[in-house]
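Good morning, and thank you for making time for this presentation. Please keep the sequence and the model in view as I speak.

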Amino acid sequence: MAKTKTVYICQNCGVESPKWIGRCPSCNEWNSYVEEIIPAIAKKSTRDKLSAVMPELISEIPSADQPRINTHSREFNRILGGGIVPGSVILLGGEPGIGKSTLALQLAMQMPDLKTLYISGEESSRQIKLRADRLKLQKGDCYILGETNLEAINNHLNNIRPGFIITDSVQTLQTDSIESPAGSVSQIRECAAGLLRYAKETATPVLLIGHITKEGSLAGPKVLEHIVDVVLHFEGDHNHFYRVLRSTKNRYGSTSEIGLYEMQGNGLREIDNPSEILITSHENEISGVAISAMVDGIRPFLIEIQALVSTAAYGTPQRSSTGFDLRRLGMLLAVLEKRAGFRLSSKDVFLNVAGGLKVTDPATDLAVITAILSSDTDLPVAREICLAGEVGLSGEIRPVGRLEQRIAEAEKMGFKKIVISSFNKIVGHQKIQNIEVLRAGKVEQLIRMILKP
Ligand code: TYD
Ligand code: MG
């Protein structure tokens with residue numbers, strides 16, 4: 001009988017150890033080591049063996065321009081770089097309840113010319129049918145399979161021969177070749193590898209849905225992220241309807257594209273024009289609102305930043321921010337205090353990014369300080385102005401990238417003026433006709449420029 005060997009594997013990061021450890025030295029997670037059985041592998045002879053695959057000269061390999069599979073979802077095509085590459089394995093991660101299963105089902109039901117298979121280990125076929133009815137999706141050749149055993153799944157795959165496979169989720173799969181329980185690191189790794197093999201052999205694309213840990217990384221070992229071709233994250237705020245699909249790895253395209261969705265009563269709707277919904281149309285001009293021409297990845301859109309500055313009633317003033325880094329807010333307040341002479345240290349400051357989106361683009365700094373100053377002085381910013389610029393520690397307004405795209409988006413949305421850094425160069429020969437470009441070098445200059453007395 002083959003001798004079985006056991007190792008302890010961290011369920012958080014996949015590090016192995018010969019003995020149990022209370023705290024993982026690699027990811028610092030407590031109590032994450034679980035004993036898993038590793039089947040003994042018969043030693044192969046290492047005598048000189050010529051493999052069937054021969055090394056090839058790169059210049060002689062035919063450059064096959066693989067046609068991509070159209071997913072019939074503009075946002076999904078965009079984020080993958082123009083559609084799914086046959087045989088690719090895509091990992092989709094996200095918090096529970098964010099809409100991964102909904103997105104996957106919509107994809108499966110949207111492909112008119114492909115037979116799709118939705119393997120579900122989490123929901124029953126009835127539940128999925130209910131959801132499809134609710135989403136008003138209809139498709140003749142979409143199969144639902146409530147199976148979690150990899151060997152059984154493989155049999156079905158050989159019978160059905162689908163053109164696109166979805167696995168919801170990879171954590172529920174298990175294979176007989178390993179004795180560890182479903183969801184353990186070795187099981188996830190082995191099952192993903194099994195599906196990967198099938199994908200590559202038959203050129204069938206596979207979408208794996210993965211859970212994420214409370215820290216926000218994909219549960220299971222990093223190994224999973226290494227073996228798949230594309231890693232996507234579906235994120236958003238549970239209290240809002242907007243969802244952002246990001247790619248953190250893409251072997252067939254750039255990772256700078258994002259996909260935007262809105263969760264509605266009848267499923268996820270793609271957002272064509274984010275600027276339109278992220279800016280609230282106020283009837284009158286109100287103080288404390290500024291519009292930023294921001295870029296997420298390579299996608300430009302305009303977003304509304306709202307601030308409320310009020311005198312602190314008790315003791316320490318509060319600083320609170322949703323969608324914007326609190327430490328960066330602290331820094332911007334210090335700049336305003338020190339460089340522009342605004343007494344904000346005794347005031348409460350609340351900052352909010354419209355739509356529940358998180359912004360990380362430094363170019364939003366200018367809109368943040370404008371919104372704060374506008375609220376503090378109670379002077380509104382004209383509705384026709386938007387801003388794009390980073391603020392430095394000495395109060396200087398620094399240049400930002402992709403300026404032409406920001407200006408074009410602002411122009412498209414009907415803004416009449418955009419404030420940028422004096423040091424920003426506009427490259428390219430793009431014509432700027434309907435928008436006036438205002439330049440400011442210091443925060444003090446900005447104040448005079450935009451606040452209407
Ligand atoms: P789901 O796709 O089940 O999330 P996940 O697979 O990521 O856990 O989506 C769950 C949430 O989406 C659910 O809480 C309700 C919401 N939802 C809608 O608002 N509209 C819909 O049409 C559907 C199907 C779900
Ligand atoms: Mg789900």
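Let me begin with a question: does lysine 417 count as buried, partly exposed or exposed, and at what relative accessibility? Lysine 417 has a relative accessibility of 24% and counts as partly exposed, because the buried class ends under 20% and the exposed class begins over 50%. I should say at once that this is a predicted model.

Lysine 417 is a suitable place to start, as it takes part in a salt bridge with glutamate 384, in which the closest N and O atoms are 3.8 Å apart. This pair links distant parts of the chain: glutamate 384 sits in the loop between α9 (365-377) and β17 (385-387), while lysine 417 belongs to strand β20 (residues 417-421), and the two are 33 residues apart. Glutamate 384, for its part, is partly exposed, at a relative accessible area of 33%.

I turn now to the overall picture. The protein has 11 helices and 21 strands. Its C-alpha trace spans about 85 × 50 × 50 Å along the principal axes. Of the 453 residues, 50% are buried. Considering contacts between residues at least 6 apart in sequence, 66% join residues at least 24 apart. The protein exposes about 22700 Å², and carbon and sulfur atoms supply 52% of that area.

Next, the ligand. Around ligand 1 there are 16 residues, and those that come nearest are Gly97, Lys100, Ser101, Thr102 and Gln264. By class, this shell holds four nonpolar, eight polar and four charged residues. Three elements, α2 (100-110), α3 (125-134) and β11 (258-264), each supply at least two residues of the shell. Among the contributors, α2 gives the most, with three residues.

Several polar contacts deserve individual mention. Polar backbone atoms are involved at two positions: at glycine 99, one lies 3.0 Å from an oxygen atom of ligand 1, and at isoleucine 98, the corresponding distance to a ligand oxygen is 3.4 Å. Arginine 131 instead uses its side chain, placing a polar atom 3.0 Å from an oxygen atom of ligand 1. On its own, ligand 1 has 560 Å² of accessible area, and the protein covers 72% of it.

I return to the charged pairs. Side chains of opposite charge can pair when their charged atoms come close. How many salt bridges are there in this model? The count comes to 23.

Two further examples show the settings in which these pairs occur. The side chains of aspartate 141 and lysine 139 meet in a salt bridge, with a distance of 3.2 Å from N to O. Lysine 139 counts as buried, because its relative accessibility is 18% and the cut-off for that class is under 20%. Aspartate 141, at 29% relative accessibility, counts as partly exposed. In the other example, arginine 343 pairs with glutamate 337, and the closest N and O atoms are 2.8 Å apart. Arginine 343 is exposed, with a relative accessible area of 59%.

Salt bridges also join into a network here, one that links Arg74, Glu75, Arg78, Glu257, Glu270, Asp272 and Arg299.

To close, I would draw your attention again to two places in the model: the shell of 16 residues around ligand 1, and the salt bridge between glutamate 384 and lysine 417, which links distant parts of the chain. Thank you.

How values were computed:
Residues are numbered from 1 along each chain as its sequence is written. Chains are lettered from A and ligands numbered from 1 in the order in which they are written. This is a predicted model: local features need pLDDT of at least 70, side-chain atom pairs count only at pLDDT 80 or more; totals for chains, interfaces and linings use all residues. Side-chain values use heavy atoms; hydrogens and water are left out. A residue is near a molecule or strand if one of its heavy atoms lies within 4 Å of it. A polar contact is a pair of N or O atoms within 3.5 Å; within protein, one must be able to donate a hydrogen and the other to accept it, and residues adjacent in sequence count only if both atoms are side-chain atoms. Accessible areas come from the Shrake-Rupley method with a 1.4 Å probe; for residues, only the protein chains shown count as cover. Helices (H or I, at least four residues) and strands (E, at least two) are DSSP runs, numbered from the N terminus. Ala, Val, Leu, Ile, Met, Phe, Trp, Tyr, Cys and Pro count as nonpolar, Asp, Glu, Lys and Arg as charged, and the others, Gly among them, as polar. A salt bridge is a side-chain nitrogen of Lys or Arg within 4 Å of a carboxyl oxygen of Asp or Glu. Buried means under 20% relative accessible area, exposed over 50%, partly exposed in between (1.4 Å probe, protein chains only). Contact means heavy atoms within 4.5 Å.
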